[in-house]
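Trainee: Please take one part of this model and go through it closely. I would like the packing around a single helix, with the cut-offs stated.

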Amino acid sequence: MNYDYLVVGHGLAGAILTCFLEKSGKTVVVFDVPKENAASRVAAGLINPVAGKRFAKSWQVDAFLPAAKAFYQEMEERYQVPLFHQKPILKLFSTPEEQNNWMGKSTNSAWEGYIETTHLQLPPSDYVHQELGGLLIQQGGYVALRTFLQAREEDLQRRNLLRTDAFDISQLELLPEGVRYQDVQARKIIFCEGAQGASNPFFSWLPFSLNKGEILDINVPDFEASYIYNKAVYVVPLGQSHYRVGATYNWREVNEELTPDGKEELTSKVQDILKKPFTVTKQYVGIRPAVRDRKPLVGLHPQHPQVGIFNGMGSKGVLMAPLLAQQFILALEQGAPLWPEVSIARYQSLFSASTSNT
Ligand SMILES: Cc1cc2nc3c(=O)[nH]c(=O)nc-3n(C[C@H](O)[C@H](O)[C@H](O)COP(=O)(O)OP(=O)(O)OC[C@H]3O[C@@H](n4cnc5c(N)ncnc54)[C@H](O)[C@@H]3O)c2cc1C
């Protein structure tokens, strides 16, 4: 069977790349083991334009956000399922210093369009510790990632384009003008393997900096929040008193084990936000495919132009993947340049060092 592209991995990165390849008229076949705790299946799916303690605007958010919204809305229409839940994010101040820090920055027009209001005080609430006020962030929300992946999987399966086998790289043959794998021949292969990409022999020279994240589902009886709350963790309302809470970051023990420490860390941070008792209904763990410089990994192998990578989405895959997939396809099909910050060419020296050592 001949295809334009063979895609390995159908998490967020592979699924979005495949959508745009098909949209540009290319034929694609996908190999994916649908791993229960792949990052894309455990993630809360958040998009937050202003994240972190320093109130930094997310990198390139002005470019990423319109592309992301347009993509998820198009998928909602195509599959008739709700995907992008736009919700205001209430970033609660933890300390008066944090409040001051924000007030020093708030006059900068760069945040325009993302900050709805700054509340130096909020009225006492029976449910939420909000005495120090907070920042109401607009244009964010969350994407129902499992629903999206399931819709795409069913669509590909109906057309016999999804193989749920582990891709065995030792069986891959490089041809002068493409690749062959079992009965599949393709012009190019693109690896979208998430954290497993760190052990792909074609790309082992890239500086992945994987980290483990744990997340909880909780039930808070009789509380229906209209915001996503954020103070050290996110509390995302899923409806009917259900909330998703995340996440932990652990670079030291990068494995797929659920831990009592992870649960304890998250529950104590929720108690800093919520006044009401809650029960933990589920705990999840996944590994983020992050990179040393916290930027994605996109491009073709320096010596094998029929082999590419679309990975390194770190903790912001939901926001970044739609625009990056479109840029990558323009680079693949029309030779357009990639942003230097995401192109794997920035690590050329690591590749050269790895080949001179062998
Ligand atoms: C706890 C947690 C919370 C997060 N929260 C957010 C959030 O709120 N917002 C956000 O934007 N991001 C979040 N992230 C990050 C986000 O999940 C990632 O950026 C994104 O999901 C990465 O997608 P991916 O497709 O690259 O990898 P993955 O989701 O890991 O998918 C890779 C897929 O490839 C398959 N695969 C790999 N190798 C092979 C092979 N050889 N053969 C066959 N199949 C293979 C795997 O089985 C898997 O299905 C979170 C991550 C974690 C862990």
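Mentor: What follows is a look at helix 3 and its neighbours. The model is predicted, so local features need pLDDT of at least 70 and side-chain atom pairs count only at pLDDT 80 or more, while totals for chains, interfaces and linings use all residues. Residues are numbered from 1 along each chain as its sequence is written.

Helices (H or I, at least four residues) and strands (E, at least two) are DSSP runs, numbered from the N terminus. One neighbour is an open sheet of 3 strands in the order 3-10-6, with antiparallel pairing; two strands pair if DSSP finds at least two bridges between them. Strand 3 (46-47) and strand 6 (84-86) are the edge strands, each pairing on one side only. Strand 6 is joined to strand 10 (residues 141-143) by 3 bridges, and His 85 stands opposite Tyr 142 in strand 10. Helix 3 (residues 61-79) packs on this sheet and touches strand 3, strand 6 and strand 10. The direction of helix 3 makes about 125° with that of strand 6; angles run from 0 to 180 degrees between N-to-C directions, and axes are lines fitted to C-alpha atoms, for helices over the stretch in contact.

The other neighbour is helix 7 (317-334). The axes of helix 3 and helix 7 come within 8 Å and cross at roughly 90°, so the two helices are roughly perpendicular (65 to 115 degrees). Residues are in contact if their C-beta atoms, placed from the backbone, lie within 7 Å. Among the residues that meet are Phe 64 and Phe 71 in helix 3, and Leu 319 and Gln 326 in helix 7. The contact divides into 11 nonpolar residues, 1 polar and no charged, where Ala, Val, Leu, Ile, Met, Phe, Trp, Tyr, Cys and Pro count as nonpolar, Asp, Glu, Lys and Arg as charged, and the others, Gly among them, as polar.

Conventions
Contact = placed C-beta atoms within 7 Å. Parallel < 35°, antiparallel > 145°, perpendicular 65-115°, else oblique.
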